[in-house]
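Colleague: I should like to learn how to read a helix and its charged contacts. May we work through one case together?

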Amino acid sequence: MVTMKRALILLTFCVYGLAGADLSSIHAVYLLPMGSALDQYLAIRLTSEHVFQVVTDPKLADAVFTDRIGSAFEERLDDLYAPPPKEKPAATQPAETKAPAAGNQQTAQPAIPLFADTANKLSNPALNSSFGHGKGTIFLVDRKSKQVIWSVYEEPKGSASSQMDRSASEIVNRLKRDIKKPGEGKQ
């Protein structure tokens, strides 16, 4: 009896959680890299079947497709949608200059720090790794609220291109069905 009540509470929670998901407000999506290049097959299916517009600039997206969620995904979202860095105020002290040698007509040059931050830093490899991806899990995450608004499990039968295309087709067909559910409004 207790487990039946727990199941009913869980089912109620899931139904109310789905009611909050509004797929009708999603028009443009960004796809994060996925295992076996599934993101490429999904992009083809989503655009050719006119489900969503796929954008290459994450700032133009309403939502993000990913095959994993968790702390690495949250860090990736923070990297993609971080506000631009504020400019540092100008230093109040003049920069060090080298004094020109006696009789040298060259002007003074500012000193260059030896251990300055490099402009091209490598990103965290754990964020780009496909190791540990949940095979077959796909999530659509609202970019602003960071809530999962839709998900599906479609395990690919293999990593061959024909199998990845079939999986992408199944995922998009399921998404289209969930968008057009009659009597429940657009979800």
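Colleague: What span should helix α5 have, and how far apart are its end C-alpha atoms?

Modeller: Helices are DSSP runs of H or I with at least four residues, strands are E runs of at least two, and both are numbered from the N terminus. The expected span is 1.5 Å times one less than the number of residues. In this predicted model, local features need pLDDT of at least 70, side-chain atom pairs count only at pLDDT 80 or more, and totals for chains, interfaces and linings use all residues. For the 19 residues of α5 (residues 161–179) the expectation is 27 Å, and the end C-alpha atoms are 27 Å apart, in agreement. Residues are numbered from 1 along each chain as its sequence is written, and side-chain values use heavy atoms, without hydrogens and water.

Colleague: Which salt bridge links helix α5 to helix α2?

Modeller: Side chains of opposite charge can pair when their charged atoms come close. A salt bridge requires a side-chain nitrogen of Lys or Arg within 4 Å of a carboxyl oxygen of Asp or Glu. Aspartate 165 pairs with arginine 45, the closest N and O atoms being 2.8 Å apart. Aspartate 165 is in α5 and arginine 45 in α2, 120 residues apart.

Colleague: Which residues form a network with this pair?

Modeller: Salt bridges link Arg45, Glu49, Asp165 and Lys176 in a network. Within that network, glutamate 49 meets arginine 45 at 3.4 Å, N to O.

Colleague: How many salt bridges does the whole structure hold?

Modeller: The search finds five. One of them joins aspartate 78 and lysine 146 at 2.8 Å, N to O.
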